[in-house]
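Work through the exercises below with the sequence and the 3D structure at hand. Try each task before reading its solution.

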Amino acid sequence: MALRVEVYRAELRRLKDWEPYLKKHSGLPGPRANLELVHAVGDEADADRLWRLSASTDEFLALCGTAGLGKVALMEPDTVMTWLRELASDGRWRVREGVAIALQRIGRENMPRLLADMELWSQAGPFVQRAVVAGLCEPALIKDRGHAVQVLMILDRITSSLAAMEHRRDEGFRVLRLALGYGWSVAAGAAPENAWPYFEKWLQSKDKDVAWVMKTNLEKARMAGLRAEISTRATAKPKPKVKAKPKPKAKPKTKNPKKKPR
(Lines give C-alpha, C1' and ligand atoms only; values in the text may rest on other atoms or scores of the structure.)
Protein backbone atom coordinates (compact mmCIF):
# COMPACT_ATOMS: atom_id res chain seq x y z
CA MET A 1 0.00 0.00 0.00
CA ALA A 2 2.78 2.44 0.94
CA LEU A 3 4.41 2.17 -2.50
CA ARG A 4 1.14 2.88 -4.35
CA VAL A 5 0.46 5.87 -2.10
CA GLU A 6 3.87 7.32 -2.98
CA VAL A 7 3.21 6.81 -6.70
CA TYR A 8 -0.11 8.64 -6.43
CA ARG A 9 1.48 11.45 -4.43
CA ALA A 10 4.10 11.98 -7.12
CA GLU A 11 1.45 12.07 -9.85
CA LEU A 12 -0.75 14.52 -7.93
CA ARG A 13 2.18 16.90 -7.49
CA ARG A 14 2.43 17.17 -11.28
CA LEU A 15 -1.25 18.06 -11.72
CA LYS A 16 -2.99 21.39 -11.40
CA ASP A 17 -6.56 20.12 -11.68
CA TRP A 18 -6.92 16.99 -9.57
CA GLU A 19 -10.60 16.20 -9.97
CA PRO A 20 -10.55 14.45 -13.39
CA TYR A 21 -7.62 12.30 -12.21
CA LEU A 22 -9.33 11.42 -8.91
CA LYS A 23 -12.56 10.41 -10.65
CA LYS A 24 -10.69 8.32 -13.22
CA HIS A 25 -8.72 6.39 -10.58
CA SER A 26 -11.42 6.25 -7.88
CA GLY A 27 -12.21 2.57 -8.39
CA LEU A 28 -15.90 3.50 -8.54
CA PRO A 29 -18.37 2.29 -9.46
CA GLY A 30 -17.14 -0.89 -7.87
CA PRO A 31 -16.99 -2.73 -4.56
CA ARG A 32 -13.95 -0.88 -3.25
CA ALA A 33 -12.89 2.74 -3.47
CA ASN A 34 -9.22 3.45 -4.11
CA LEU A 35 -8.13 4.07 -0.50
CA GLU A 36 -4.48 4.40 -1.45
CA LEU A 37 -5.42 7.40 -3.56
CA VAL A 38 -7.53 8.74 -0.68
CA HIS A 39 -4.48 8.64 1.59
CA ALA A 40 -2.31 10.27 -1.07
CA VAL A 41 -4.77 13.16 -1.35
CA GLY A 42 -4.71 13.59 2.42
CA ASP A 43 -0.91 13.81 2.35
CA GLU A 44 -0.56 16.16 -0.63
CA ALA A 45 -3.59 18.48 -0.65
CA ASP A 46 -3.58 21.85 1.07
CA ALA A 47 -6.38 22.93 3.40
CA ASP A 48 -8.30 24.88 0.74
CA ARG A 49 -8.41 21.92 -1.63
CA LEU A 50 -9.49 19.53 1.14
CA TRP A 51 -12.31 21.83 2.24
CA ARG A 52 -13.51 22.12 -1.35
CA LEU A 53 -13.36 18.38 -2.00
CA SER A 54 -15.15 17.55 1.25
CA ALA A 55 -18.15 19.61 0.12
CA SER A 56 -18.34 17.96 -3.30
CA THR A 57 -21.49 16.23 -4.52
CA ASP A 58 -19.27 13.51 -6.02
CA GLU A 59 -18.95 10.73 -3.44
CA PHE A 60 -15.30 9.87 -4.08
CA LEU A 61 -14.16 13.48 -4.11
CA ALA A 62 -16.04 14.08 -0.86
CA LEU A 63 -14.44 10.95 0.64
CA CYS A 64 -10.96 12.22 -0.28
CA GLY A 65 -11.54 15.68 1.15
CA THR A 66 -13.24 14.46 4.31
CA ALA A 67 -10.53 11.91 5.11
CA GLY A 68 -7.81 14.49 4.50
CA LEU A 69 -9.35 17.00 6.89
CA GLY A 70 -7.85 14.99 9.75
CA LYS A 71 -4.60 16.79 8.91
CA VAL A 72 -6.26 20.21 8.98
CA ALA A 73 -7.95 19.44 12.30
CA LEU A 74 -4.60 19.68 14.03
CA MET A 75 -4.41 23.36 12.98
CA GLU A 76 -8.11 24.32 12.98
CA PRO A 77 -9.64 21.91 15.48
CA ASP A 78 -12.92 23.64 16.28
CA THR A 79 -13.95 24.43 12.70
CA VAL A 80 -12.91 21.03 11.32
CA MET A 81 -14.49 18.98 14.11
CA THR A 82 -17.80 20.81 13.67
CA TRP A 83 -17.78 19.98 9.95
CA LEU A 84 -16.67 16.38 10.48
CA ARG A 85 -19.46 15.88 13.01
CA GLU A 86 -21.97 17.06 10.41
CA LEU A 87 -20.48 14.78 7.74
CA ALA A 88 -20.69 11.82 10.14
CA SER A 89 -24.44 11.78 9.38
CA ASP A 90 -24.04 12.18 5.61
CA GLY A 91 -26.32 9.96 3.53
CA ARG A 92 -23.32 8.58 1.60
CA TRP A 93 -21.64 5.79 3.54
CA ARG A 94 -18.23 6.39 1.94
CA VAL A 95 -18.27 9.97 3.18
CA ARG A 96 -19.08 8.69 6.66
CA GLU A 97 -16.10 6.35 6.30
CA GLY A 98 -14.00 9.38 5.39
CA VAL A 99 -14.91 10.86 8.78
CA ALA A 100 -13.57 7.74 10.51
CA ILE A 101 -10.32 7.96 8.53
CA ALA A 102 -9.98 11.63 9.49
CA LEU A 103 -10.52 10.83 13.17
CA GLN A 104 -7.90 8.09 13.06
CA ARG A 105 -5.46 10.52 11.50
CA ILE A 106 -6.09 12.94 14.38
CA GLY A 107 -5.59 10.11 16.88
CA ARG A 108 -2.21 9.17 15.44
CA GLU A 109 -1.01 12.72 16.11
CA ASN A 110 -2.91 13.61 19.28
CA MET A 111 -4.84 10.78 20.92
CA PRO A 112 -5.74 12.73 24.12
CA ARG A 113 -7.36 15.44 21.98
CA LEU A 114 -9.31 12.87 19.97
CA LEU A 115 -10.55 11.16 23.14
CA ALA A 116 -11.75 14.47 24.56
CA ASP A 117 -13.73 15.22 21.40
CA MET A 118 -15.14 11.70 21.20
CA GLU A 119 -16.43 11.99 24.76
CA LEU A 120 -18.69 14.77 23.50
CA TRP A 121 -19.59 13.03 20.26
CA SER A 122 -20.60 9.88 22.11
CA GLN A 123 -23.63 11.72 23.48
CA ALA A 124 -24.99 12.45 19.97
CA GLY A 125 -27.14 10.36 17.62
CA PRO A 126 -26.34 6.91 16.19
CA PHE A 127 -24.51 8.05 13.04
CA VAL A 128 -22.17 10.26 15.07
CA GLN A 129 -21.73 7.51 17.67
CA ARG A 130 -20.82 5.12 14.86
CA ALA A 131 -18.09 7.56 13.80
CA VAL A 132 -16.81 7.55 17.38
CA VAL A 133 -16.53 3.76 17.45
CA ALA A 134 -14.95 3.55 13.98
CA GLY A 135 -12.56 6.41 14.73
CA LEU A 136 -11.34 5.15 18.09
CA CYS A 137 -11.39 1.38 17.65
CA GLU A 138 -8.34 1.02 15.47
CA PRO A 139 -5.66 -1.33 16.90
CA ALA A 140 -2.81 0.99 15.89
CA LEU A 141 -4.33 3.79 17.99
CA ILE A 142 -5.03 1.90 21.21
CA LYS A 143 -1.60 0.89 22.44
CA ASP A 144 -1.61 2.80 25.71
CA ARG A 145 -3.60 1.11 28.46
CA GLY A 146 -4.87 4.42 29.79
CA HIS A 147 -6.29 5.28 26.37
CA ALA A 148 -7.89 1.82 26.17
CA VAL A 149 -9.62 2.38 29.50
CA GLN A 150 -11.08 5.67 28.25
CA VAL A 151 -12.27 4.01 25.04
CA LEU A 152 -13.97 1.26 27.08
CA MET A 153 -15.85 3.90 29.07
CA ILE A 154 -17.00 5.58 25.85
CA LEU A 155 -18.13 2.24 24.40
CA ASP A 156 -20.06 1.50 27.58
CA ARG A 157 -21.96 4.78 27.22
CA ILE A 158 -22.71 4.13 23.55
CA THR A 159 -23.86 0.57 24.27
CA SER A 160 -26.26 1.92 26.88
CA SER A 161 -27.58 4.26 24.21
CA LEU A 162 -27.98 1.38 21.75
CA ALA A 163 -29.98 -0.59 24.31
CA ALA A 164 -32.34 2.37 24.80
CA MET A 165 -33.04 2.95 21.08
CA GLU A 166 -36.54 2.36 19.82
CA HIS A 167 -36.33 2.69 16.01
CA ARG A 168 -34.20 -0.35 15.31
CA ARG A 169 -34.90 -0.60 11.60
CA ASP A 170 -33.27 2.77 10.95
CA GLU A 171 -29.95 2.91 9.10
CA GLY A 172 -28.32 4.74 12.02
CA PHE A 173 -29.10 1.89 14.40
CA ARG A 174 -27.87 -0.70 11.92
CA VAL A 175 -24.47 0.90 11.30
CA LEU A 176 -23.91 1.62 14.99
CA ARG A 177 -24.70 -1.99 15.91
CA LEU A 178 -22.23 -3.25 13.30
CA ALA A 179 -19.48 -0.92 14.54
CA LEU A 180 -19.97 -2.00 18.13
CA GLY A 181 -19.82 -5.58 16.86
CA TYR A 182 -16.05 -5.25 16.48
CA GLY A 183 -15.19 -2.12 18.47
CA TRP A 184 -15.36 -3.69 21.93
CA SER A 185 -12.83 -6.38 20.97
CA VAL A 186 -10.27 -3.79 19.82
CA ALA A 187 -10.37 -1.89 23.11
CA ALA A 188 -10.58 -5.09 25.19
CA GLY A 189 -7.49 -6.47 23.46
CA ALA A 190 -5.47 -3.54 24.82
CA ALA A 191 -6.87 -3.72 28.38
CA PRO A 192 -8.48 -7.15 29.00
CA GLU A 193 -8.59 -6.83 32.78
CA ASN A 194 -10.46 -3.54 32.54
CA ALA A 195 -12.75 -4.92 29.84
CA TRP A 196 -13.93 -7.91 31.86
CA PRO A 197 -16.44 -6.05 34.10
CA TYR A 198 -18.08 -4.49 31.03
CA PHE A 199 -18.41 -7.83 29.29
CA GLU A 200 -19.74 -9.43 32.46
CA LYS A 201 -22.41 -6.72 32.65
CA TRP A 202 -23.47 -6.63 29.01
CA LEU A 203 -23.41 -10.39 28.46
CA GLN A 204 -26.24 -10.57 30.99
CA SER A 205 -28.35 -8.09 29.02
CA LYS A 206 -31.78 -9.24 27.93
CA ASP A 207 -31.55 -6.97 24.88
CA LYS A 208 -31.03 -9.21 21.83
CA ASP A 209 -29.01 -6.60 19.92
CA VAL A 210 -26.67 -5.92 22.83
CA ALA A 211 -26.27 -9.67 23.31
CA TRP A 212 -25.35 -9.99 19.62
CA VAL A 213 -22.79 -7.19 19.93
CA MET A 214 -20.98 -8.77 22.88
CA LYS A 215 -21.07 -12.34 21.54
CA THR A 216 -19.79 -11.19 18.15
CA ASN A 217 -16.84 -9.45 19.84
CA LEU A 218 -16.03 -12.55 21.86
CA GLU A 219 -15.75 -14.56 18.63
CA LYS A 220 -12.85 -12.40 17.39
CA ALA A 221 -9.42 -14.08 17.42
CA ARG A 222 -7.94 -11.31 19.57
CA MET A 223 -10.46 -12.16 22.31
CA ALA A 224 -9.11 -15.67 23.00
CA GLY A 225 -7.64 -14.60 26.35
CA LEU A 226 -10.82 -12.90 27.53
CA ARG A 227 -12.92 -15.87 26.40
CA ALA A 228 -10.79 -18.13 28.58
CA GLU A 229 -11.11 -15.69 31.49
CA ILE A 230 -14.89 -15.62 31.17
CA SER A 231 -15.01 -19.42 31.05
CA THR A 232 -12.77 -19.69 34.13
CA ARG A 233 -14.78 -17.19 36.14
CA ALA A 234 -18.05 -18.82 35.18
CA THR A 235 -16.75 -22.20 36.40
CA ALA A 236 -15.34 -20.74 39.61
CA LYS A 237 -18.56 -19.02 40.60
CA PRO A 238 -20.05 -20.72 43.65
CA LYS A 239 -23.41 -22.23 42.94
CA PRO A 240 -26.19 -20.77 45.03
CA LYS A 241 -27.10 -22.98 47.96
CA VAL A 242 -30.47 -24.56 47.67
CA LYS A 243 -32.31 -24.40 50.95
CA ALA A 244 -33.62 -27.72 52.05
CA LYS A 245 -37.35 -27.84 52.21
CA PRO A 246 -38.59 -28.21 55.75
CA LYS A 247 -40.08 -31.58 56.48
CA PRO A 248 -43.79 -31.42 56.95
CA LYS A 249 -44.84 -31.80 60.54
CA ALA A 250 -46.48 -35.09 61.35
CA LYS A 251 -50.17 -34.74 61.98
CA PRO A 252 -51.18 -35.75 65.53
CA LYS A 253 -53.03 -39.03 65.63
CA THR A 254 -56.67 -38.61 66.45
CA LYS A 255 -57.95 -40.89 69.21
CA ASN A 256 -61.05 -42.89 68.54
CA PRO A 257 -63.86 -41.25 70.42
CA LYS A 258 -65.37 -43.41 73.10
CA LYS A 259 -68.70 -44.82 72.25
CA LYS A 260 -71.49 -43.46 74.30
CA PRO A 261 -73.28 -46.08 76.39
CA ARG A 262 -76.74 -46.94 75.13
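A pocket is an open set of points on a 1 Å grid over the protein atoms alone, with protein on both sides within 12 Å along at least five of seven lines; a cavity is a set of points where a 1.4 Å probe fits but cannot get out; lining residues have an atom within 4 Å of a point. Grid points are joined across faces, edges and corners, and a volume is the space filled by probe spheres set on the points. The model is predicted: local features need pLDDT of at least 70, side-chain atom pairs count only at pLDDT 80 or more, and totals for chains, interfaces and linings use all residues. Residues are numbered from 1 along each chain as its sequence is written, and side-chain values use heavy atoms, with hydrogens and water left out.

**Exercise 1. Describe the largest pocket and its lining.**

Step 1. The volume of the largest pocket is about 150 Å³.

Step 2. Its lining consists of Trp-93, Arg-96, Glu-97, Arg-130, Glu-171, Arg-174, Val-175, Leu-178, Ala-179 and Tyr-182.

Step 3. Two or more of these residues come from each of helix 7 (93–109) and helix 11 (171–190). Helices (H or I, at least four residues) and strands (E, at least two) are DSSP runs, numbered from the N terminus. Helix 11 gives the largest share, 6 residues.

Step 4. Sort the lining by type: Ala, Val, Leu, Ile, Met, Phe, Trp, Tyr, Cys and Pro count as nonpolar, Asp, Glu, Lys and Arg as charged, and the others, Gly among them, as polar. The result is 5 nonpolar, no polar and 5 charged residues.

**Exercise 2. Do the same for the largest cavity.**

Step 1. There is 1 cavity of 30 Å³ or more, and the largest cavity holds about 40 Å³ of space.

Step 2. Val-38, His-39, Gly-42, Ala-67, Gly-68, Ile-101, Arg-105 and Arg-108 line this cavity. Helix 3 (35–44), helix 5 (59–72) and helix 7 each give two or more residues to the lining.

Step 3. By type, the lining of the cavity has 3 nonpolar, 3 polar and 2 charged residues.

**Exercise 3. Place Val-38, one of the cavity-lining residues, in its surroundings.**

Step 1. Val-38 belongs to helix 3.

Step 2. Is Val-38 buried or exposed? Buried means under 20% relative accessible area, exposed over 50%, partly exposed in between (1.4 Å probe, protein chains only). Val-38 has 2% relative accessibility, so Val-38 is buried.

Step 3. Leaving out residues up to four places away in sequence, Val-38 touches Phe-60, Leu-63, Cys-64 and Ala-67; contact means heavy atoms within 4.5 Å.

Step 4. Val-38 and Leu-61 are 23 residues apart in sequence, and their C-alpha atoms are 8.8 Å apart in space.

**Exercise 4. Find which side of helix 4 is buried.**

Step 1. In helix 4 (residues 47–54), the buried residues are Arg-49, Leu-50, Leu-53 and Ser-54.

Step 2. These residues lie on the same side of helix 4 because they cover an arc of only 130 degrees around the axis. The arc is that of the directions from the helix axis to the C-beta atoms.

Step 3. An α-helix has 3.6 residues a turn, so residues three or four places apart point the same way.

Step 4. The cover over the buried residues of helix 4 includes helix 2 (19–24), helix 3, helix 5 and helix 6 (77–87).

**Exercise 5. Summarise the chain.**

Step 1. The chain has 14 helices and 0 strands.

Step 2. Of its 262 residues, 44% are buried.
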